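Student: I should like to go through the terms used for this model and see how each one is justified. Could we take them one at a time?

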Amino acid sequence: MIRKEYIEELDKLKRDVLKMGKLAKDAASNSIKALIERDAELAKRVLNENAVIDDLEFDIENRCMKLIALQQPMAVDLRVIGTCIKIITDFDRISDVGGDIAEVVLRVGDEPFVKPLIDIPRMAEITQKMIDDCLEAFSKENIEILEDFSKRDDIVDALYDQIRRELITIMIERPKTISNASHLTFVALYLERIGDHTCNIASRIIYMVTGVKKKLG
Amino acid sequence: MLNQKLEMFIDDRYDDFQDNSEEHGSNKVIVRNVNVYYGDIQAIIDVSMIIKEKTVTALIGPSGCGKSTLLRCFDRMNDEITGCRTKGKIIWRGNDILDKKVDPVALRHKVGMVFQKPNPFPKSIYDNVAFGPKIHGIKGKRLDDIVENSIKQAALWEDVKDRLGESALKLSGGQQQRLCIARTLAIDPEVILFDEPCSALDPISTAKIEALIRELKKDYTIIIVTHNMQQAARISDCTAFFLMGELIEFDKTSKIFENPKDKKTEDYITGRFG
Ligand SMILES: Nc1ncnc2c1ncn2[C@@H]1O[C@H](COP(=O)(O)OP(=O)(O)OP(=O)(O)O)[C@@H](O)[C@H]1O
Ligand SMILES: [Mg+2]
């Protein structure tokens, strides 16, 4: 085998993208956990870890650029690097969204929510599974588990619509709840965004594996 | 199996490639089951491909896979090599150019070749370019015009317009290569064959030759052998990958370099070969 170092560097790149993806997933899941359990400490940890993810993103991006400039990758290698460079942006956004949810946790403090959290945890569960499936598909180059992503994204969108409408009704009926209810509206919107990011990631992984570009979600 | 591959390629890619017609006036170059032997050694094994008019086709593959051998089929230069035999057909403009009845010298006026190492004659810049047309009895103002136009087309005019009488050997390597291209253009060919035309050149001269090839494509059918994968990706429309005399994959260049079908192609272009 020639170009041994190059191939090792490519493997390492994939491992680090996976690592970044796991951190993004943690941000998404921990922030929701903090919201449900009113855990301010956990919310703060999510915010702190955002910086680690940002650093990792820059590092991975630099290494991708270097590989392109120095090794002139072709075919599947080029698709892997192109995919890495694209999906780290979505992973970064997911972790930012986790941070936004953590901010909401810190802002609402112990104030009770205007309605019990039922649909938001459902949205969180679906979107976290979508992140997990992206990571699995990326590491195993198995895209079967991504096939129903558009459908899953539709469910997430529908849940968001439903939550938003419910909360607007509550706000109209009881204007005092506006601050509290709008926090929840935002959380639902953030989760809907995570769904969109996972669709972007999934469509890039499909391209990486098959060479075919296809929009999801 | 190769023919099957070619058929598949024709089916799902180029509809107009399906037109295998060998009628007069068809300007694509149809390579049919070509085999080339050096004595007992077979250097080209049953190669079939269709080269469309006014496109750039790149031939790539490891050293010794037969690229130059195949290229020499198009201008019958293999005829000059003792012990070299060619079987199969190359249909172009309704004729099989491998047919013994086709005069190779006449053929070479329609199919020009530019080599890896610039090989200008030890004559003046003017005489190098005028050489071909002169043989055809062209002289005077008409010859001057052909020389000027060919040098201009080869993007060399600004470099040499004030010293056409000087020896071509005084030019730099990149300029000599463009002079050789001008010399080829002066015979008014329709197909131009390039065998690693940039391998002896610096990046600037290489960029000039590449720009030139892109320009020439408007009027000529171009087949180029290159070891530089990025160069193939930059200038060609279709790319053919060869391995040990066999055509492994032939497709649009973007497909070959982004998502090749064959594992062997992928291993080669990603540097995992061997
Ligand atoms: N004149 C010759 N006599 C005998 N064998 C030859 C001759 N020319 C080429 N060959 C053999 O034919 C095979 C193909 O050679 P060819 O020169 O076509 O390869 P190539 O793909 O152009 O390689 P490179 O990239 O090194 O130029 C090789 O095995 C070579 O040794
Ligand atoms: Mg050669």
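The discussion below concerns a predicted model and sets its computed values against the criteria behind the terms.

Student: Why is the pair Arg272(B) and Asp77(A) called a salt bridge?

Tutor: The side chains of Arg272(B) and Asp77(A) meet at 2.6 Å, N to O. The criterion asks for a side-chain nitrogen of Lys or Arg within 4 Å of a carboxyl oxygen of Asp or Glu, so the pair qualifies. Across the interface of chain A and chain B, the rule finds two salt bridges.

Student: Which elements of chain A give two or more residues to the side that touches chain B?

Tutor: They are helix H1 (4–37), helix H3 (75–108) and helix H6 (178–210) of chain A. H3(A) gives the most, with four residues. By class, that side of chain A has nine nonpolar, three polar and four charged residues.

Student: How many residues of each chain are in contact, and what area is buried between chain A and chain B?

Tutor: In contact are 16 residues of chain A and 14 residues of chain B. The buried area is about 1,200 Å², and carbon and sulfur atoms give 47% of it. Seven residue pairs are in polar contact between the two chains, both residues of each pair being at pLDDT 80 or more.

Student: What makes the approach of Thr69(B) to ligand 1 a polar contact?

Tutor: An N or O atom in the side chain of Thr69(B) is 2.5 Å from an oxygen atom of ligand 1. The limit for a pair of N or O atoms is 3.5 Å, so this pair meets it. For the side chain of His227(B), the corresponding distance to an oxygen atom of ligand 1 is 2.6 Å. Cys65(B) takes part through a backbone N or O atom, which lies 3.3 Å from an oxygen atom of ligand 1.

Student: How much of ligand 1 does the protein cover, and which helix gives the most to its shell?

Tutor: The protein covers 61% of the 630 Å² of accessible area that ligand 1 has on its own. Helix H2 (residues 67–74) of chain B gives the most to the shell, with four residues. The shell comprises four nonpolar, six polar and three charged residues.

Student: Why do Glu136(A) and Lys140(A) count as a salt bridge?

Tutor: Their side chains meet at 3.4 Å, N to O, and the cut-off is 4 Å, so the pair counts. Both residues lie in helix H4 (residues 119–140) of chain A, four residues apart, about one turn of the helix. Over all chains, the structure holds 32 salt bridges.

Technical notes:
Residues are numbered from 1 along each chain as its sequence is written. Chains are lettered from A and ligands numbered from 1 in the order in which they are written. This is a predicted model: local features need pLDDT of at least 70, side-chain atom pairs count only at pLDDT 80 or more; totals for chains, interfaces and linings use all residues. Side-chain values use heavy atoms; hydrogens and water are left out. Contact means heavy atoms within 4.5 Å. Buried area is the accessible area (1.4 Å probe) that two parts lose on being put together, summed over both. A polar contact is a pair of N or O atoms within 3.5 Å; within protein, one must be able to donate a hydrogen and the other to accept it, and residues adjacent in sequence count only if both atoms are side-chain atoms. Ala, Val, Leu, Ile, Met, Phe, Trp, Tyr, Cys and Pro count as nonpolar, Asp, Glu, Lys and Arg as charged, and the others, Gly among them, as polar. Accessible areas come from the Shrake-Rupley method with a 1.4 Å probe; for residues, only the protein chains shown count as cover.
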